[in-house]
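Open the viewer and show the side chains. This tour goes from stop to stop, telling you what to select and what to look for.

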Amino acid sequence: VQRKLYKGKLHYLPFVDEETEERQTDSKSGSENVTSDTGNESISVNQPHTSVGATESLHPKGPVADLLPALTDPVPENWKTIEGDFVLIMCNTVPLLAHGFAADIRCVTGSPKFHILYIKDDVGRTNLLSMLMDTETGNWIHKEGVHTLCTRAFRLEPLTYPGMLTVDGEVLEYGPCQAQVHPNLVSAFSRKRQ
């Protein structure tokens, strides 16, 4: 079984907590703007998030993507770029992707940031299998080779074709795409049980 690799660029706007003005750092490398693989947050999945971005202004027709340049423009200088061969790039704002798949339990509803998890080409098939075995508990994000970071906006630029991009399980046209977090803009509706 061969691993499928995708050459590409991941551009991201590093998350800075505006309340503390602190950048998140990777405890292993000390590099700026990266959340530790073991996670340096102690946020409960059920805890509502009400800090950064809770007062974000809205346009009458919806949120404004003020952090995103046009897809044809280069990313701003304050963005970071990771380029290489990727096995997986996953951007989450919710802890669970499906029943039995805990993507990143540090994600909190209404949060002002994406949690991006990526796996590069230096991970072997045995490690990938081990990661898959731990998706139900969410412990896969602590495995060697899983890199994590937090961001308010990102852009993916595939450099090899063909490939696959999905959003909430729906296939996107394969090509450059970008997104920005708009916190606290979810409305949930449910039917009252009889």
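**Stop 1: salt bridges**

Start with charged side chains. The model is predicted, and a search of it gives four salt bridges. Here are some of them.

Select K7 and D85. Their side chains form a salt bridge, with 3.2 Å from N to O. Now trace the backbone between them. K7 belongs to strand β1 and D85 to strand β4, and the two residues are 78 apart in the sequence. The pair therefore links distant parts of the chain. How exposed is K7? K7 has a relative accessible area of 36%, so K7 counts as partly exposed, since that class runs between 20% and 50%.

Next, select R106 and D104. These side chains also meet in a salt bridge, at 2.7 Å from N to O. R106 is buried, and D104 is buried as well.

Move on to R155 and E157. Here the salt bridge has an N to O distance of 3.8 Å. Check the surroundings of each partner. R155 has a relative accessible area of 2%, so R155 is buried. E157 has 21%, so E157 is partly exposed.

**Stop 2: the strands behind the first bridge**

Switch to the cartoon view. The protein chain holds one helix and eleven strands. Follow the chain along the sequence and you will meet them in the order β-β-β-β-β-β-β-α-β-β-β-β. The chain has 194 residues, and 38% of them count as buried.

Colour strand β1, residues 6-14, and strand β4, residues 80-92. These strands run antiparallel and are joined by seven bridges. To see one position in this pairing, select H11, which stands opposite T81 in β4.

Keep β4 in view and add strand β7, residues 114-120. How many bridges join β4 to β7? There are six, and these strands run antiparallel too. Select L88 and look across: I119 in β7 stands opposite.

**Stop 3: lysines over rings**

Go back to the side chains. Select K113 and F15. The charged end of K113 sits over the ring of F15, 4.8 Å from the ring centre.

Then select K120 and F86. The charged end of K120 sits over the ring of F86, at 5.4 Å from its centre.

**Stop 4: aromatic pairs**

Now turn to rings that meet rings. A pair of aromatic rings is described by the distance of the centres and the angle of the planes. The whole structure has four aromatic pairs. Two of them are on this tour.

Select F101 and W140. Their ring centres are 6.2 Å apart and their planes are at 70°, an edge-to-face pair. F101 is in strand β6, residues 101-102, while W140 is in the loop between α1 and β8. The two are 39 residues apart, and the pair links distant parts of the chain. Is W140 buried or exposed? W140 has 3% relative accessibility, so W140 counts as buried. F101 has a relative accessible area of 24%, so F101 is partly exposed.

Now select Y161 and Y174. The ring centres lie 5.0 Å apart and the planes stand at 90°. Why is this pair edge-to-face? The angle of 90° is over the 60 degrees needed, so the pair counts as edge-to-face. Y161 lies in the loop between β8 and β9, and Y174 in the loop between β10 and β11. The pair thus ties together parts that are 13 residues apart in sequence. Compare the two surroundings. Y161 has 52% relative accessibility, so Y161 counts as exposed. Y174 has 18%, so Y174 is buried.

**Stop 5: a cis peptide bond**

Stay at Y161 and add P162. A cis peptide bond joins Y161 and P162, with omega about -5°. P162 is in the loop between β8 and β9.

**Stop 6: a nonpolar patch**

Finish on the surface. Select L129, L132 and M133. They make a nonpolar surface patch of about 360 Å². Where is L129? L129 is in helix α1. L129 has 52% relative accessibility, so L129 counts as exposed.

Key:
Residues are numbered from 1 along each chain as its sequence is written. This is a predicted model: local features need pLDDT of at least 70, side-chain atom pairs count only at pLDDT 80 or more; totals for chains, interfaces and linings use all residues. Side-chain values use heavy atoms; hydrogens and water are left out. Rings of Phe, Tyr and Trp (its six-membered ring) pair if their centres lie within 6.5 Å; planes under 30 degrees apart count as stacked, over 60 as edge-to-face and the rest as tilted. Helices (H or I, at least four residues) and strands (E, at least two) are DSSP runs, numbered from the N terminus. Buried means under 20% relative accessible area, exposed over 50%, partly exposed in between (1.4 Å probe, protein chains only). A charge sits over a ring if NZ of Lys or CZ of Arg is within 6 Å of the ring centre and within 35 degrees of the ring normal. Patches are made of residues with over 30% relative accessible area and no salt bridge: like charges are joined within 9 Å, nonpolar side chains (Val, Leu, Ile, Met, Phe, Trp, Tyr) within 5 Å. Accessible areas come from the Shrake-Rupley method with a 1.4 Å probe; for residues, only the protein chains shown count as cover. Two strands pair if DSSP finds at least two bridges between them.
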